[in-house]
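Trainee: Hi, got a minute to go through this one with me? I'd like to start with one of the helices and then look at the rest.

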Amino acid sequence: MPIEIVCKIKFAEEDEKQKEKEEGDKESLIEEPARPRSRDLAAFASASTLHGLGHICQSGRLGVRQTLWAFAFLASLAFFLYQAAKSALLYLEHPHVMALDEEAIREMVFPAITICNINRYRHSALTDADIFHLANMTGLPPKDRDGHKATDLLYPDPDMADIVNRTGHQLDDMLKSCNFSGENCSSRDFTVVYTRYGKCYTFNGDRRNPRVTRQGGMGNGLEIMLDIQQEEYLPIWRETNETSFEAGIRVQIHSQDEPPYIHQLGFGVSPGFQTFVSCQEQRLTYLPQPWGNCRASVQGEQMLPGYDTYSIAACRLQCEKEAVVRSCHCRMVHMPDAAVEDSQERCSCPTPCNLTRYGKEISMVRIPNKGSARYLARKYNKNETYIRENFLVLDIFFEALNYEAIEQKKAYDLAGLLGDIGGQMGLFIGASILTILEILDYVYEVIRDRVSRVLRRSKPPLKKPSGSIATLGLEELKDQSPCETLGRHVEGAYNAGILPNHHHRHHYPHQGVFEDFAC
């Protein structure tokens, strides 16, 4: 039976300074062990947390069991990708929902109340010059039976603000009684505002110092008695675009942050009735793009010239003014007095992101009754018929000291998207974020191993081996002595793959080839 003897030979090391300069010694197995190769796919699959992958990527031939596992894995992966795509498409649609909540508070800011007499100009206050300038609006003939004389055609240019202010119904004449939360009020508590109805009046319009109410129900708001003065209404000689057949007042309940837009948003109150208006405040919050279409306000930015804050009413008035200015280079009295930008774009008024509005419930009873008609006639020196045709009572109050908070919320946000994808990933393929990191780590190792191999091939060969291990058969040593064997090897003639295995280093002078020889 042949016997093989392994002999380990340790060669003399080069000078340390010379070894540092040579790249071959740096790559030698003595100084630095070789990097381990990256894991193969089977090893990665067996250690991965991705369900099913370890049953597919096994060593050996592909069997029925592995095939079934592969089909199951691919089907689960397809279901996961389908559900993840649906979730992503739903997120990109940016859906929203409306949340409704009701909150009670101890006191509430009372809204601004704007009232306008439906009749714009008092007939007794108009002069022939006023009638001449307002002919297209009123259709009235001159008060002089002879008509406008030729000399009268030289009327001075009209001052519309002066005409509206002078000929409009005066609140001192209309307001007969005023009460707010049990306290008397007067015309001094109202401010003049101009609308499409001419000269109007707003109660509690100061946004810096608004009135508050601390109790809900009838008698805890604003209660006023008005005389609409029907005898001052303009006679109708011919119909115009501004002709009105109604008698009464228009009322708008709005917040202090927006101007009145009473010709479209107001409601009518008739004489001969006491009208009860029960209000409930609604605070609306909308989402900006891409979930909604509201216009977000930036602090300190003046979005509309002539107004402190943005509102739909202010935007519409500004749009109307721009259209009038482009048409006739003038503006109506109720329009804002501010510069107009030369823009031909279609006017768009998006909803502000924060809005306050007031829901209303209106009821009424007839006044006066027979007993109060005689009393009021004596009190105001009018007859009973005049009282029934001209007097009205308006009572505005909060139903309760609470408000409705209506908020637009995201129906599907990024957290919901990630939660759905994570749940579907765990349900179908048993994966998580860490599984994705495992896959990325494996890909990185594979790429690193490939790059390292390419770089090794491009490096020059080793200049000088540092040591070797020689394997000699017993048959080769029978007729040779160790010394003869040593004599046959010249310096550097051993394989570079031989490793030293000697535990005692002896520092001899650098004269021979071997330090020692051990069998």
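Mentor: Happy to. This is a predicted model, and helix 14, residues 414-428, makes a good start.

Trainee: How far apart are the end C-alpha atoms of helix 14, and what should its residues span?

Mentor: At 1.5 Å a residue, its 15 residues should span 21 Å, and the end C-alpha atoms are 21 Å apart, so the two values agree.

Trainee: Which residues of helix 14 are buried?

Mentor: Those are L417, Q424 and M425. Looking down the axis of helix 14, the buried residues fall within an arc of 105°, so they line one face of the helix.

Trainee: And which residues are exposed on the other side of helix 14?

Mentor: A415 and L427 are exposed there.

Trainee: What covers the buried residues of helix 14?

Mentor: The cover includes helix 5 (64-92) and helix 15 (433-458).

Trainee: Before we leave that helix, what follows helix 14?

Mentor: G430 does, and its phi is positive, near 65°.

Trainee: Let's go to helix 5, then. What should its residues span?

Mentor: Helix 5 has 29 residues, which at 1.5 Å each should span 42 Å; its end C-alpha atoms are 42 Å apart, so that agrees.

Trainee: Which of the residues in helix 5 are buried, and what do they pack against?

Mentor: Q66, F73, F80, A84, S87 and Y91 are buried. The buried residues of helix 5 pack against helix 4 (53-56) and helix 14. After helix 5 comes H94, with a positive phi near 55°.

Trainee: Changing topic: which residues touch the most other members in the largest nonpolar core?

Mentor: That core has 33 residues, and I113, I115, F190, L222, I224, V251 and I396 touch the most other members. Strand 15, residues 391-410, gives the most to this core, with 7 residues.

Trainee: Take I113. What is it in contact with, leaving aside neighbours within four places in sequence?

Mentor: I113 is in contact with Y201, T202, F203, L222, V251, Q252, I253 and I396. There is also a second, separate core of 13 residues, which includes L50, L53, I56 and A84. You met A84 a moment ago among the buried residues of helix 5.

Trainee: Now the whole chain: how many helices and strands does it have?

Mentor: The chain has 17 helices and 17 strands. Buried residues make up 35% of its 519 residues.

Trainee: And what does the accessible surface come to?

Mentor: About 32,300 Å², with 52% of that belonging to carbon and sulfur atoms.

Key. Residues are numbered from 1 along each chain as its sequence is written. This is a predicted model: local features need pLDDT of at least 70, side-chain atom pairs count only at pLDDT 80 or more; totals for chains, interfaces and linings use all residues. Side-chain values use heavy atoms; hydrogens and water are left out. Helices (H or I, at least four residues) and strands (E, at least two) are DSSP runs, numbered from the N terminus. The expected span of a helix is 1.5 Å times one less than its number of residues. Buried means under 20% relative accessible area, exposed over 50%, partly exposed in between (1.4 Å probe, protein chains only). The arc is that of the directions from the helix axis to the C-beta atoms. Contact means heavy atoms within 4.5 Å. Accessible areas come from the Shrake-Rupley method with a 1.4 Å probe; for residues, only the protein chains shown count as cover. A nonpolar core is a set of buried Ala, Val, Leu, Ile, Met, Phe, Trp, Tyr and Cys residues joined through side-chain atoms within 4.5 Å.
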